[in-house]
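Colleague: I have a few questions about how the terms are used here. Let us take them one by one.

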Amino acid sequence: MVKNKIYEQLDKLTARYQELEQLLADHEQIADRQQYNKLAKELSDIKEPVAKFSEYKNLVQEISDLEAVLSGKHDKDFLELVQEELKNLEAKKTGIDSELEKILAGEDKDAGRNCIIEIRQGTGGDEAGLFAADLYRMYSKYAALRGWVIEPMSSSVNEAGGIKEIIFGVKGKDSFRLLKFESGVHRVQRVPTTEAQGRIHTSTATVAVLLEPEEVDLVIEPKDLRIDTYRSSGPGGQHMQKTDSAVRITHIPTGTVVACQDERSQIKNKAKAMRVLRARILEVKIDEEAKKLSSARKTQIGTGDRSEKIRTYNFPDRRVTDHRINFTSHQLEAILEGQMDELFTALLKAESEKRNE
C-alpha cells in the first residue's frame, strides 16, 4: 500500500499538475516564452507520477467496490469470479505501488528517453580509430538485437578506414536507461594489423551518451546562435558537392560548436546539428545541477566523467573488464557482436545497490 507520506506527496503533485494546466492555458503565460517553457517542463516532469497515482486510486476504488459485492448474497460461481478479479486487481495495485515509490525516489526518470551517442578515437593513432569503429559496430549490433533504430548524424574517418568521430541517435525502449553506462574511456589491448612483430598495443576511444532533449527541456534563443554554411568534403566524381550544404552551428553563450555534413541537404544537416547542440548543452546543464546536489550523484556508477577509464577489452585473454563494478567476462567476441545483456544486467544491479545504500 502506498505509504501515507508518499500519498500526501502525490496529492500535492496532482494539485500542482492541475494548477500548471490552468497556468499554461493563460494567454499571458503563453506570451512569455521562457516562462511558458519552464512551466511546460515542470508539467512534463510530473505527468507520469500523477497519471500513475490516478490509476492507483481508481484501482483502490474498484477493489473497494468488489469487496462490497463479496459481502452480499450471491451464487458460488459469481463469488469465485469476483475473488479472481480481486486477486488480479490487488496484484496490479502492488505493481503500481512499487512503480510510484521508484518514480518518487528519482529512479530512472529519464529511462524511457532516446539518446545521442558520440564516439571519438583517443590515443593510439589509426588503431584507436579502428577500435572506435568496433565500438560503433558493437552498439549497432546491440541496437538491432533490441529492435532499436540507429540514426547516423555526423561522421569522419581516418586514413586506415577507422573512425575519427561518429555521432548517432538511438531510438527505442530503454535505450538511454542502458546506454548511459557507456560514457567514458574504453581501452583496447591487442596486436594491431599493422604491427609486424606481434606486439600488443593499448589504444583508447571515448564515448559520450547524451540524453535526447525534448522541446520543453531546453530553450535556445535564435539570437544566441551563429550558423555558418560551407562546402561538404564528401565523395568526388558525380557525387561532388556543388552547394554549401554543410552546416556549423555555434551556441555563443557557451561556445559549443556542432558541425554536420553527412546529408546533401543543408536543411537536414542543420536539423541534425541542432539536435546534437541541444543534447550537449542539456548535458552541461544536468551536470551542473548534479554537482550542486551532490546526493544526486550517489546513484552513479563511477564519476560520470568522460575522462574516466571505464572498461578494457583485452584480446589476448578474450576478456572484457568493467572497472567501475569489477565485472569481468571472457566472452569478448560475443560482446563485440552486440551481446551485451550480461554486462548491462550487472551494471543495473550495481546501480540499484548503490541507490539503496
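Colleague: What makes β1 and β3 a pair?
Modeller: This is a predicted model. Two strands pair if there are at least two bridges between them. β1 (residues 115-121) and β3 (residues 163-171) are joined by six, so they count as a pair. The two run antiparallel. Ile116, for example, faces Gly169 of β3.

Colleague: Do the later strands meet that cut-off too, and how many bridges join β9 to β10?
Modeller: Four bridges join them, in the antiparallel sense. The cut-off is at least two, so β9 and β10 pair. Tyr313 stands opposite Val320 in β10. Their hairpin has four residues between the strands, and Arg318 there has a positive phi near 50°.

Colleague: What about β10 and β11?
Modeller: Three bridges, antiparallel, against a required two or more, so this is a pair as well. Val320 faces Ser329 in β11. This hairpin also has four residues between its strands. Asn326 takes a positive phi near 55° in it.

Colleague: In what order do the eight strands of the open sheet come?
Modeller: The order is β2-β3-β1-β5-β4-β9-β10-β11. The pairing is mixed.

Colleague: Why is one side of β2 and of β11 left without a neighbour in the sheet?
Modeller: β2 (149-157) and β11 (327-329) each have a single partner strand, so they stand at the edges with one side unpaired. On average, neighbouring strands are turned by 15° against each other, direction ignored.

Colleague: Which strands does α5 touch as it packs on the sheet?
Modeller: α5 touches β1, β2, β3, β4, β5 and β9. Touching here means heavy atoms within 4.5 Å. The direction of α5 makes about 110° with that of β4.

Colleague: What makes a set of residues a nonpolar core?
Modeller: Its members are buried residues of the listed nonpolar kinds, joined through side-chain atoms within 4.5 Å. Buried means under 20% relative accessible area. The largest such set has 56 residues. Those with the most contacts inside this core are Ile117, Ile119, Leu135, Tyr139, Leu179 and Tyr313. Helix α5 (residues 126-146) gives the largest share, eight residues.

Colleague: Which residues is Leu179 in contact with, leaving aside neighbours within four places in sequence?
Modeller: Cys115, Ile117, Tyr139, Trp148, Val170, Val209 and Phe344.

Colleague: Which residues belong to the other core?
Modeller: That core lies apart and has 20 residues, including Ile6, Tyr17, Leu20 and Leu43.

Methods. Residues numbered from 1 in each chain as written. Predicted model: local features only at pLDDT ≥ 70, side-chain atom pairs only at ≥ 80, totals over all residues. Heavy atoms only, no water. Buried < 20%, exposed > 50% of the residue type's maximum accessible area, 1.4 Å probe, protein only. Axes fitted to C-alpha atoms, helices over the stretch in contact; angles between N-to-C directions.
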